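This report describes the fold of one protein chain, beginning with its sheet and moving on to single residues. Please keep the sequence and the structure in view while reading.

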Amino acid sequence: MTRNSGVDMLLKFEKTIRYLAKSGYFLNVQEDVRYYRKYPIISNSFFSEINVNLFERILNLFGWNLSSCDFDDQKLIIIGAPHTSNWDFPLTLLALWAMKIKLSWVAKHTLFRQPIGSIFKALGGIPVNRKVRHGFIHQIHSLFAENDTIYLAIAPEGTRSKVDHWKTGFYQIALGANVNIGLGFVDYEKKIIGIGRIFKPTGDIESDFAEIRGFYQDKIGKYPELQSDIRVRAKEVTFFKKKFQKE
């Protein structure tokens, strides 16, 4: 199976999503409300027992098993790694839906071009322009402050290609919004997917990333050679020390 096959599969989701929308699974969009509320949110009827069991059965049919730690957080940053394939996205959606999690997720704004863009937004997608990072982080902080329940999924690698560091936006958001981080994973070797641990960031980014790195050290992506290094750039360490660590 090629790496581009995931895109083909997502395109095939279009008819299904449109059917669900017509069936009342998505709430109506109000264009005059604030940033987060502009996007269609999956309604509670989407998480009926029949649907939840169906989502997990679909995972099982593909040979996957769902595994998650217990948590009662109503607000959570969920990071997903390793991210090496287009298949990571639909698998993650099925897994979180099977856990009755209404997730929101961020991705580069170029992915939200039509016709697929409206589908991504209906599935909880929030486009982000990476060139205006700090404005985005402020918007997400507001999102957490204004909502009683929100689960935001972020892929800290930022790309399916191998890079020598993780992006730290998820960490800054978690500290600024005072929320925990769910360590989500997709392990293609064991065929297990889920949220393995709830992690509370301390502001000591080097120590925290060492713990996160330890958690993911045995998680294998679809293309292991493309897994990125779980490390922080020196300038990011300096930034967090100045902003979050007390003298």
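Two strands are said to pair if DSSP finds at least two bridges between them. The model discussed here is predicted. By this rule, seven strands make up an open sheet, in the order 1-7-6-2-5-3-4, with mixed pairing. Strand 1 (65-68) and strand 4 (125-128) are at the edges and have a single partner strand each, so one side of each has no neighbour in the sheet. From one strand to the next, the twist averages 25 degrees.

## The chain as a whole

The protein chain has eight helices and seven strands. It consists of 247 residues, of which 47% count as buried. About 13,100 Å² of the protein chain is exposed, and carbon and sulfur atoms supply 52% of this area. Among contacts between residues at least 6 apart in sequence, 72% join residues at least 24 apart.

## Pairs of strands

The table lists three of the pairings, each with a pair of residues that belongs to it.

| Strands | Sense | Bridges | Residue pair |
|---|---|---|---|
| Strand 2 (75-81) and strand 6 (180-187) | parallel | six bridges | isoleucine 77 and isoleucine 181 |
| Strand 1 and strand 7 (192-199) | parallel | four bridges | asparagine 65 and isoleucine 192 |
| Strand 6 and strand 7 | antiparallel | seven bridges | phenylalanine 185 and glycine 194 |

Strand 6 and strand 7 form a hairpin with four residues between the strands. Lysine 191 is found in the loop between these two strands. Its phi is positive, about 55 degrees, although lysine 191 is not a glycine. Most residues other than glycine have a negative phi, and most peptide bonds are trans. Lysine 191 counts as partly exposed because its relative accessibility is 29%, and the partly exposed range lies between 20% and 50%.

## Helix 6 and the loop after it

Helix 6 (169-177) lies across strand 2, strand 5 and strand 6, and runs at about 165 degrees to strand 2. The loop between helix 6 and strand 6 holds asparagine 178 and valine 179.

Are these two residues buried or exposed? Asparagine 178 has a relative accessibility of 62% and therefore counts as exposed. Valine 179, at 7%, counts as buried. Asparagine 178 also has a positive phi, near 55 degrees, and is a residue other than glycine.

Which residues does valine 179 touch? Leaving out residues up to four places away in sequence, valine 179 touches Lys75, Ile77, Phe144, Ala174 and Pro201. Ile77 is the residue of strand 2 that stands opposite isoleucine 181. Phenylalanine 144 is 35 residues from valine 179 along the chain, yet their C-alpha atoms are separated by 8.8 Å.

## A cis peptide bond after strand 2

Proline 82 is in the loop between strand 2 and helix 3 (88-98). The peptide bond that leads from alanine 81 to proline 82 is cis, and its omega is near -10 degrees.

## Histidine 165

Histidine 165 is located in the loop between strand 5 (150-154) and helix 6. With 15% relative accessibility, histidine 165 counts as buried, because buried means under 20%. Its side chain makes a polar contact of 2.7 Å with the side chain of aspartate 164. Apart from neighbours within four places in sequence, histidine 165 is in contact with Asp229, Arg231 and Arg233.

## The two sides of helix 8

Helix 8 covers residues 234-243, and in it Glu236, Val237 and Phe240 are buried. Why can these residues be said to line one face of the helix? Seen down the axis of helix 8, the buried residues fall within an arc of 100 degrees, so they line one face. The face turned away from this buried side carries the exposed residues Ala234, Lys235 and Lys242.

Definitions and conventions: Residues numbered from 1 in each chain as written. Predicted model: local features only at pLDDT ≥ 70, side-chain atom pairs only at ≥ 80, totals over all residues. Heavy atoms only, no water. Buried < 20%, exposed > 50% of the residue type's maximum accessible area, 1.4 Å probe, protein only. Polar contact = N/O pair within 3.5 Å; in protein donor to acceptor, adjacent residues only side chain to side chain. Contact = heavy atoms within 4.5 Å. Arc of directions from axis to C-beta. Axes fitted to C-alpha atoms, helices over the stretch in contact; angles between N-to-C directions. Areas by Shrake-Rupley, 256 points an atom, 1.4 Å probe, with all protein chains shown as cover.
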